[in-house]
Structures are given as C-alpha cells and as structure tokens.
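Me: Please take me through how the two parts of this chain are arranged and how they meet, one question at a time.

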Amino acid sequence: MDLPPYSANNPHSTWLEIDLDAVRDNVGCLSAISERPVMAVVKANAYGHGLVEVARAALEGGASWCGVARFEEALTLRDAGLECPILVMGYVPPVCVPQAISCQISLALYDRDLGEDYGERARSAGGRLRVHLKVDTGMGRLGVSPADSLDFTRWAWRNQDLEVEGLFTHFARSDEPDAPSNPSQRTAFQNVLHAIETEGLRPRWVHAANSAAALYMPDVRYDLVRCGIALYGLDPSYPECVLPGGFKPALTWKATLASVKNLPAAHGVGYGHLYVTSREEKIGVLPVGYADGYRRMVPNEVLIGGMRLPVIKRICMDQSMLVLDGLSSARVGDEVVLIGCQGDQKIRAEDLAASWNTNNYDVVCGLAARLPRVYKNSIRTHKE
Ligand SMILES: *Cc1c(COP(=O)(O)O)cnc(C)c1O
C-alpha cells in the first residue's frame with residue numbers, strides 16, 4: 001500500500017518507509033558498475049525491507065535473478081507471481097525437490113550424498129532439478145573443496161536427474177579490500193573454473209561476487225553478481241568498503257511521539273531506574289522497544305524537531321523514553337526518525353550499527369516483523 005506522508009491520519013505508531021525507487025535505482029547503479037546481470041539477494045525478508053515488494057522493484061530496476069537463503073522464501077516469491085530465475089543459496093531439504101522442479105527454483109549443491117538424494121527425488125517426480133555447484137574456496141561454510149571440485153562437477157554433469165546450471169563461490173572478506181584471502185580465494189576459484197572449462201563442463205552461470213566484490217573486485221564478476229546490501233543502499237562495510245556515489249538508502253524508520261511530560265528532579269525513569277532526572281526534566285515516550293529490534297541496553301539517539309536527542313536505557317519491550325529538554329515545541333504526535341533523515345540531520349543504519357557494536361546487516365535484518373512496512377513509489381515514478 002502507498003501511504004500518504006506523515007499526517008494525523010497515519011494509523012501507525014511506528015513504521016518503516018521503504019522507497020522502492022531507491023531499490024530500482026540501486027540496481028541500476030549495480031548494473032552500470034558491474035556491467036553484469038544482477039541477482040537481487042532478497043533473503044531474510046529482503047534484509048528486513050520486505051521480500052516480495054523489494055524483489056518486484058529490483059526486477060523492475062533491471063535485476064534478472066533473485067537469490068534467497070531458504071526454500072520458503074523462494075516459494076513466497078513464486079506465490080506472489082514472480083517468474084524470474086531464483087536461486088536458493090542455503091540448505092534445502094530433499095523433500096522439497098519436486099516443488100523446486102515444478103516451481104523452477106534452482107538449488108545450491110555442495111554435497112554428493114545430498115545430490116544423490118536430490119537426483120532420486122527428481123527422477124521420481126519425473127523432472128530435472130536445476131543446481132548451482134558450490135565451491136568452498138576459503139569461506140569455510142557450504143561448498144566442496146577446490147581439490148574435489150572437478151570430480152564433483154563431473155559427477156553432477158553425469159547425473160541425468162540434475163541440470164548443472166551454475167558454479168559459484170563466496171568470499172569471506174570481500175568487504176576488506178586488502179585482505180590476503182581475497183586473491184587466494186579468487187585464484188582457487190579460477191583454477192577450479194579453468195579445470196572445468198578444459199573438460200567442457202562450464203555451466204551457464206558462474207558467479208562469485210557479493211555487493212562488496214561486485215563493486216571493488218572487477219575480476220570476480222564472471223556472469224552474474226549477487227548483491228544484497230548495496231541493493232538497499234547500505235555500505236558493505238564501514239569505513240573500509242563504502243558505496244560509491246549514486247546509491248541511496250531505501251529504508252527510513254519513523255515513530256510518533258506518544259507522550260510528553262515533565263518529571264520532577266530525582267525521578268526514576270524506566271525499568272531498573274537506570275536513569276534518574278537531575279532536575280525537572282521533560283521526558284518523552286517513544287512507541288518503540290526491543291521487540292521492534294531496538295537494542296535494549298544501548299543509549300540510542302533519535303531525530304525530533306530537527307534535533308538529535310538521547311533515548312534513555314533501558315529500552316522497554318514496546319516503548320522507550322527520551323529526554324526532550326531543549327525541545328520546547330515537542331508535542332504528542334510529533335514525527336520521530338530512528339533511521340533516516342529529518343531536516344539536515346541524519347541517522348544511518350551504519351550509525352546504529354556502530355553504537356550497537358554490530359554491522360548494518362544485523363540492524364536492518366533485526367527490524368521486527370511487527371513493524372509495518374509502508375512502501376513509497378510502488379509505481380515507478382521515474383525511469384533511468
Ligand atoms: C547474503 C549473500 C550474498 C549477498 O551479500 P551482500 O554482502 O549483502 O551483497 C551473496 N551471496 C551469498 C552466498 C550470500 O549468502
């Protein structure tokens with residue numbers, strides 16, 4: 001649904017605004033920079049932004065694939081009517097194979113026993129399962145070792161119930177441009193690919209680059225780049241690997257000020273009374289808590305009235321309190337920004353990540369399901 005901007009008719013106390021034009025334009029930036037087809041990585045509810053809406057916008061912006069982590073996520077995209085190629089990059093239970101075939105969903109394959117099981121189930125279902133073979137060039141997660149990759153590839157091509165559509169790997173430190181594991185992973189993958197090509201077994205789609213690698217490691221772009229974080233306009237890492245100009249964050253987190261009142265001096269505020277007023281203070285209540293993904297024990301900051309004001313710990317489950325001294329105009333109903341811009345002030349997901357001692361991925365993926373997602377520009381408002 002497209003909602004009007006903040007107004008007295010806004011039915012939500014706190015909500016996320018997702019700018020789908022930003023998603024479309026970010027895909028455009030990724031295509032222009034990488035000069036490759038883009039797989040929009042929309043796992044984990046599109047990093048908290050909303051799976052179906054973001055996937056649709058990414059495809060409108062020029063993405064040609066969607067990448068997800070779980071089979072259920074792929075089914076949700078198909079149920080919504082999306083017809084693009086989809087790759088599930090994580091483990092999929094063999095019982096899902098018939099549905100993967102009927103829904104034309106491609107699966108990662110990185111284990112021979114699992115592959116045998118997939119093959120048998122594909123045969124019983126009377127179809128062929130599309131697979132992307134995964135090589136572990138150094139991540140230490142899913143994938144066959146480079147030493148076993150050629151044999152594994154030969155075996156997969158021989159299995160008539162599998163259709164070998166892709167070959168891929170994943171970098172452990174692509175967001176650290178100077179990490180020595182980057183060239184060694186690249187070399188390992190290159191060697192595997194060379195051996196496979198020599199035997200004429202190269203699949204159609206060879207891919208290795210996530211956002212950071214797509215932007216900053218031009219020689220690992222191969223046939224397709226798998227981009228998540230950059231799609232959302234967020235930095236792969238900060239400060240080592242920031243987005244170039246042109247990208248725009250898609251997500252804004254807002255809330256409405258729920259209460260404003262003066263408390264006398266020496267008054268405790270919130271559970272545990274970790275904050276005690278030092279004089280008469282104006283205290284506001286924000287309808288946002290740790291059950292929304294706001295960290296409990298961190299003194300956060302929000303934007304209100306164009307000012308940056310402190311939120312007091314502890315954060316409660318559904319609410320939190322802020323010190324409004326210095327903002328004489330504060331009223332119930334005022335717009336509060338937790339992530340995004342207000343006036344000339346800005347709080348980025350990266351800023352919250354720094355104070356929460358984590359990364360921006362974790363901040364946005366942690367935004368709770370109960371936060372309403374309000375989509376802006378559901379209909380494309382401009383063209384590249
Ligand atoms: C999540 C993921 C990506 C996307 O990574 P970003 O850093 O968000 O671009 C790409 N490939 C794999 C295998 C992933 O798990």
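**The two domains and their interface**

In this predicted model, the C-alpha centres of domain 1 and domain 2 lie 38 Å apart.

Me: How many residues does the contact take from domain 1, and how many from domain 2?
Reply: The domain assignment places domain 1 at 20-232 and domain 2 at 251-376. Counting heavy atoms within 4.5 Å as contact, domain 2 contributes eight residues, and the number taken from domain 1 is ten.

Me: Which three residues supply 52% of the area that domain 1 buries against domain 2?
Reply: Between them, domain 1 and domain 2 bury about 870 Å², with 62% of that area on carbon and sulfur atoms. On the side of domain 1, a share of 52% comes from three residues, more than any other three supply, and these are Y47, H49 and I229.

Me: What is the count of residue pairs in polar contact across the interface of domain 1 and domain 2?
Reply: Salt bridges between domain 1 and domain 2 number zero. For polar contacts, where both residues must have pLDDT 80 or more, the rule finds across this interface a number of residue pairs equal to four.

Me: Which element gives the largest share of the side of domain 1 that touches domain 2?
Reply: The residues on that side of domain 1 divide into two charged, four polar and four nonpolar. The elements that give two or more residues to it are α1 (20-34) and α2 (43-47). The largest share is three residues, and the element that gives them is α2.

Definitions and conventions. Residues are numbered from 1 along each chain as its sequence is written. This is a predicted model: local features need pLDDT of at least 70, side-chain atom pairs count only at pLDDT 80 or more; totals for chains, interfaces and linings use all residues. Side-chain values use heavy atoms; hydrogens and water are left out. Domain bounds come from an automatic or database domain assignment. Buried area is the accessible area (1.4 Å probe) that two parts lose on being put together, summed over both. A salt bridge is a side-chain nitrogen of Lys or Arg within 4 Å of a carboxyl oxygen of Asp or Glu. A polar contact is a pair of N or O atoms within 3.5 Å; within protein, one must be able to donate a hydrogen and the other to accept it, and residues adjacent in sequence count only if both atoms are side-chain atoms. Helices (H or I, at least four residues) and strands (E, at least two) are DSSP runs, numbered from the N terminus. Ala, Val, Leu, Ile, Met, Phe, Trp, Tyr, Cys and Pro count as nonpolar, Asp, Glu, Lys and Arg as charged, and the others, Gly among them, as polar.
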